[in-house]
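Trainee: Could you take me through a close look at a single helix and what surrounds it?

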Amino acid sequence: MDEQPVFDVAACLAGVRRRDEVAARQLVEFLHPLVMKIVRAHLAPRLAEEDLAQDIFAKVFHRLHQYRGQMPFEHWVARVAVNTCRNALRTLRVRPEVRHADLSEEEVQALTAAMQTDEVPVEQAIAARDLVEKLLSTLAPEDRLILTLMDMEDRSVAEISQLTGWSQPMIKVRAFRARHKLRKQLARLMQ
């Protein structure tokens, strides 16, 4: 039976610390399946696998001096990978965005029609509604509620204040800021 040679992590790490490019390449090849498995398990649909894996490897090499050898190297790399993935997901939650590539063909047509005229053709109304929902999903829940009540249900600031218990100035400020965020999202989509 033909046994595969065991990868010597310690020798490879020593080579990487000496700035040996061959050792660095071997380490990446050895760790790539582990890193990709973690990336795929924690990946958000908007994140590119290879970009996230590249970030992980950059952190591993940058923080190599922090590895003390108290645990297997693969466990340490796995921890770096999981934390990097979690941070990327956290960033997406804090700053969600809708990209042009995230839109369906019908939504792109509705967006184009809406930008050319004030009205969306009837046949694109459903796609336009879906697009609005995607844009609203990028807002905080409170902002989404305010805009929905104010702009879609035509409720007054006083009515919204009664419904939510929030002050009228706060509602006006949040609505202003939420609209500003939506305009920025729309401008990104149009680029």
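Mentor: A residue is called buried when its relative accessible area is under 20% and exposed when that area is over 50%. With those cut-offs in hand, and bearing in mind that this is a predicted model, consider helix α8, which spans residues 157-164. Its buried residues are Val157, Ile160 and Ser161, and because the arc they cover around the axis is only 105°, they lie on the same side of α8. This can be set beside the general geometry of such an element: an α-helix has 3.6 residues a turn, so residues three or four places apart point the same way. On the other side of α8 one finds Gln162 and Leu163, which are exposed.

Among the buried residues, Ser161 deserves a separate word. Its relative accessibility is 16%, and since the limit for burial is under 20%, Ser161 counts as buried. When its neighbours within four places in sequence are left aside, the residues in contact with Ser161 are Trp166, Ser167, Gln168 and Ile171. As for the end of the helix, α8 is followed by Gly165, a residue with a positive phi, near 85°.

To draw this together, α8 has Val157, Ile160 and Ser161 as its buried residues, with the exposed Gln162 and Leu163 on the other side, while Gly165, with its positive phi, follows the helix.

Note on methods: Residues are numbered from 1 along each chain as its sequence is written. This is a predicted model: local features need pLDDT of at least 70, side-chain atom pairs count only at pLDDT 80 or more; totals for chains, interfaces and linings use all residues. Side-chain values use heavy atoms; hydrogens and water are left out. Helices (H or I, at least four residues) and strands (E, at least two) are DSSP runs, numbered from the N terminus. Buried means under 20% relative accessible area, exposed over 50%, partly exposed in between (1.4 Å probe, protein chains only). Contact means heavy atoms within 4.5 Å. The arc is that of the directions from the helix axis to the C-beta atoms.
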